[in-house]
Amino acid sequence: MDRPSTPPPSPLPTAPVAPEAPDARNIRTVAVIGLGTMGTGIAGVLARSGREVIGIDVSGTAAARAVRSLEVTTARAVRRERITERERQAALARFRTSRELREAAGADLVIEVVPEDYALKHEVFTALDAVVRPDTILATGTNALSVTRLAADSARPERVLGLHFFNPAPAMKLVEVVSSVLTAPAAVAAVTALARELGKVPVAVGDRPGFVADGLLFGYLNQAAAMYESRYATREDIDAAMRLGCGLPMGPLALLDLIGIDTARTVLEAMYAASHDRLHAPAPVLAQLAEAGLTGRKAGRGFYTYDAPHSAVVVADAQTPGAAADGPAGREVRSVGVVGSGTMAAGIAEVFAKARYGVVLAARTAEKAEAAKARVAKSLARSVEKGRLTAVEREGALAAITPADSLDALAEVDLAVEAVAEDLAVKQQLFAALDKVCRPGAVLATTTSSLPVIACARATSRPEDVIGMHFFNPAPAMKLVELVRTVLTADDAHATARAVCARVRKHPVDCGDRAGFIVNALLFPYLNNAVKMVQEHYASPDDIDAAMKLGGGYPMGPFELLDVVGLDVSLAIEKVLHREFRDPGLAPAPLLEHLVAAGCLGRKTGRGFREYAKA
C-alpha cells in the first residue's frame with residue numbers, strides 16, 4: 001500500500017523587507033526643513049559638499065534670509081581662500097528654497113530642523129510619510145525631544161533617527177547620530193558615513209533628552225541662570241569667570257542668548273521630565289524671559305541687549321557696569337607676602353614680582369622657601385625663552401622676591417596672601433598667626449577654592465581686613481581672580497584687592513562667600529554629571545570628551561580635566577558643594593568615590609579615568 005504523500009511545509013511568515021537605505025555616496029539630494037540659524041547652516045554645509053539641497057520653510061522671509069546667508073558665508077570663504085569663486089557659484093546653484101513640503105519628494109535624506117515643539121515635528125514627519133520615497137531617511141535635528149516617539153508615530157520607524165548638528169553648523173565638528181530601538185542599522189551607517197564625508201566627527205548615542213553634549217551643557221547653563229537670578233554675581237562676572245577660569249569660548253549667559261532662551265527652557269523641561277533632577281528644573285528666570293519674548297539674540301534682547309535682532313553686537317543697557325563710581329579708596333600696597341611653597345604659592349609670587357611689588361615668599365623652612373623661589377626662576381626662564389619676558393625683566397622679578405622661613409618676615413607687608421594646603425584647620429591656624437604678625441591695616445587674603453572665607457576671617461581679630469583672592473592655576477598664565485567678600489569684609493579692603501588685580505593684569509570678578517564661588521560651583525556639577533553618564537553606561541569617556549570639545553568648544557573634555565585636577569581634589573570639592581547646597585543632584589557619583597578609594601587619582605598616580613605612562 002502506498003504511503004500517503006507528505007504535504008510540503010508551509011513557509012514561515014516573514015517580516016516585510018524594508019528597502020535598503022542609501023549609503024553616503026547615494027545621498028545626493030537632501031531636503032532641510034526649517035531655515036532658521038541651524039537649518040541654514042546645515043544647508044550650507046551640504047551645498048558646499050556637492051549635494052543638491054532643497055531648503056523648505058513656511059516663511060518666505062526665512063528662505064530669503066537663508067539664501068542671503070549662504071551668499072555671504074561663501075563670499076567670506078572665497079576671501080579667505082578656502083574655496084574658489086567657481087566653487088562658490090556651484091554651491092549657490094545647488095541650493096534652492098521652497099515653501100512647499102512636497103518639494104522633498106525626491107530627497108534621499110530629509111533633515112528636520114523646525115522649533116523644539118513635538119506637535120510641530122510630528123506634523124512634519126506625518127506629512128513627509130505621504131511625500132517621500134520608501135527608502136528616504138528621515139532625520140530630526142532635535143536636541144531634547146524623543147527620537148523614539150517620533151519614529152514610533154511615523155509610518156517608517158526604521159528610517160527615522162536623530163542627526164544633531166551644533167551651532168554654528170559650518171564650524172562645529174560634532175554631529176550626534178541618535179538611534180532608537182526601531183532604527184535600521186543601515187540608516188545609521190548611511191548618515192554616519194555622510195557626517196564623516198562632510199568633515200564632521202559623528203558620535204553614536206542612544207535616545208535620551210540632551211544626548212551627550214547638551215545633556216551636560218544645559219545643566220551647567222541652567223545653574224548659571226539660577227546664579228544670576230539669585231544676584232550672587234553679575235552677568236558680566238559669571239560669563240568672564242567661565243571664559244577666563246575654564247578657557248570656554250563663551251560665557252554661559254551669552255551662550256543662552258545665542259541658543260535661544262525659549263529653546264533652552266524646552267530642552268531643560270524635557271531633561272527634567274526624564275531625570276527629575278532638580279539641576280535640570282528650568283530656572284524661573286528662563287520662563288520669565290521667554291514669556292516676555294526676550295529670547296536672546298534672535299529677539300535682540302535676552303540676558304544681554306543687542307543692537308538688533310539676530311545681531312551679535314552687545315549694547316549697553318540698565319545692567320551694564322558704568323564707570324567706577326566714587327567709593328572708598330583702596331589701601332596703598334607696596335609689598336606683598338606670599339605664604340606657601342607649592343606650585344600655586346610660587347605662581348602667585350611670580351605674578352606679584354613681575355608687577356614690581358616687593359615679595360616676601362615665606363615657607364616652613366629656608367630650604368622650601370629657596371625651592372619655591374627656584375621654581376619661580378625656572379618659570380621666568382621659560383618666559384624669556386618664549387620671548388614673553390626680557391632677561392632684564394627676569395632678573396628684576398627675581399630680585400624682588402625675598403625667601404623667608406618665618407612668618408615674622410611678613411611684619412611690614414601691605415598684603416598677605418596664603419596659598420597653603422586646602423585644609424580649613426591649617427588655614428585658620430595660619431590666619432591666627434598672620435593676625436599677630438602683620439601690621440594693622442594690612443589686607444589678609446586666602447586663595448581657597450572651596451572653603452568658607454569667613455571661617456578664616458573669624459580666626460583673626462580683624463575680619464574686616466580679610467578677603468578671598470582665588471587665583472587659578474597656573475597663576476602666571478590664568479587671567480581670572482575671584483574676589484570673595486564676606487559679610488564682614490571692609491569696602492576699602494575689597495577696593496584694595498581690585499586695585500591690586502588691575503596692577504598685576506588680572507581680571508577680578510566679585511562673588512559672595514559660598515561654596516565653589518562662581519567657577520567651581522558651575523564646573524564641578526558638570527564634571528560630576530559626566531561621571532554619572534559613564535556610570536550609567538550611556539557613553540564612554542572618550543565619546544563624552546570628544547562631544548564636549550567638538551560640540552561645546554571646551555579646551556578639555558571632562559575626563560581629561562578630572563584626571564588633571566585630581567579625582568581626590570574633585571571629590572572633595574563636590575562633597576563641599578553637596579554639603580552646602582544639600583541638593584541630591586550634587587551628590588558625588590559613586591564611580592568617582594570608588595576610583596578615589598582605589599587610589600586611582602588621575603595623572604599624578606598614573607591612573608584615573610585613563611591610564612598614563614609613568615614619568
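1. A good place to begin is Arg439, which is partly exposed, with a relative accessible area of 24%. Its salt-bridge partner is Asp414, and the closest N and O atoms of the two are 2.6 Å apart. The pair links distant parts of the chain: Arg439 sits in the loop between α15 (424-437) and β15 (443-446), while Asp414 belongs to the loop between β13 (401-404) and β14 (415-418), 25 residues apart. Asp414 has 3% relative accessibility and therefore counts as buried, since buried means under 20%.

2. Before going further, please keep in mind that this is a predicted model. The protein has 615 residues, of which 52% count as buried. Its secondary structure comes to 22 helices and 18 strands. Taken along the principal axes, the C-alpha atoms fill a box of roughly 115 × 75 × 50 Å.

3. How many salt bridges does a search of the whole structure find? The count is 32. A few of them are worth visiting one by one.

4. Try Arg278 next. It forms a salt bridge with Asp583, with the closest N and O atoms 3.9 Å apart. Arg278 lies in the loop between α10 (261-275) and α11 (284-291) and Asp583 in the loop between α21 (567-581) and α22 (590-597), so this pair ties together parts that are 305 residues apart in sequence. The two ends differ in their surroundings: Arg278 is exposed, at a relative accessible area of 53%, whereas Asp583, at 9%, counts as buried.

5. Now look for Arg156, which makes a salt bridge with Asp129; here the closest N and O atoms are 3.5 Å apart. Distant parts of the chain are linked again, as Arg156 is in the loop between α5 (147-152) and β6 (160-165) and Asp129 is in helix α4 (residues 118-129), 27 residues apart. Are these residues buried or exposed? Both Arg156 and Asp129 are buried.

6. Asp108 deserves a stop of its own. Together with Arg133 and Asp135, Asp108 is part of a network of salt bridges. You will find Asp108 in the loop between β3 (95-98) and β4 (109-112), where it is buried, with a relative accessible area of 10%. The side chain of Asp108 also reaches the backbone nitrogen of Arg28, at 2.9 Å.

7. On the surface, which residues form a positive patch? They are Arg48, Arg76, Arg79, Arg80 and Arg82. One of them, Arg76, has its place in helix α2 (residues 60-79) and counts as partly exposed at 32% relative accessibility.

8. Two peptide bonds are worth checking in the backbone. Asn167 and Pro168 are joined by a cis peptide bond, with omega about 0 degrees; Pro168 is found in the loop between β6 and β7 (174-178). A cis peptide bond also joins Asn473 and Pro474, again with omega about 0 degrees, and Pro474 is in the loop between β16 (466-471) and β17 (480-485).

9. Finally, have a look at two histidines. His276 has a phi near 55 degrees, a positive value in a residue other than glycine. His276 is in the loop between α10 and α11, and at 58% relative accessibility it counts as exposed. His537 likewise has a positive phi, of about 60 degrees, although it is not a glycine. The place of His537 is in the loop between α18 (519-535) and α19 (541-552), and its 73% relative accessibility makes it exposed.

Notes:
Residues numbered from 1 in each chain as written. Predicted model: local features only at pLDDT ≥ 70, side-chain atom pairs only at ≥ 80, totals over all residues. Heavy atoms only, no water. Salt bridge = Lys/Arg side-chain N within 4 Å of Asp/Glu carboxyl O. Helix = DSSP H or I, 4+ residues; strand = E, 2+ residues; numbered from the N terminus. Buried < 20%, exposed > 50% of the residue type's maximum accessible area, 1.4 Å probe, protein only. Patch = residues over 30% accessible without salt bridge, like charges linked within 9 Å, V, L, I, M, F, W, Y side chains within 5 Å. Areas by Shrake-Rupley, 256 points an atom, 1.4 Å probe, with all protein chains shown as cover. Lys, Arg positive; Asp, Glu negative; His and termini not counted. Charge placed at Lys NZ, Arg CZ, Asp CG, Glu CD. Polar contact = N/O pair within 3.5 Å; in protein donor to acceptor, adjacent residues only side chain to side chain.
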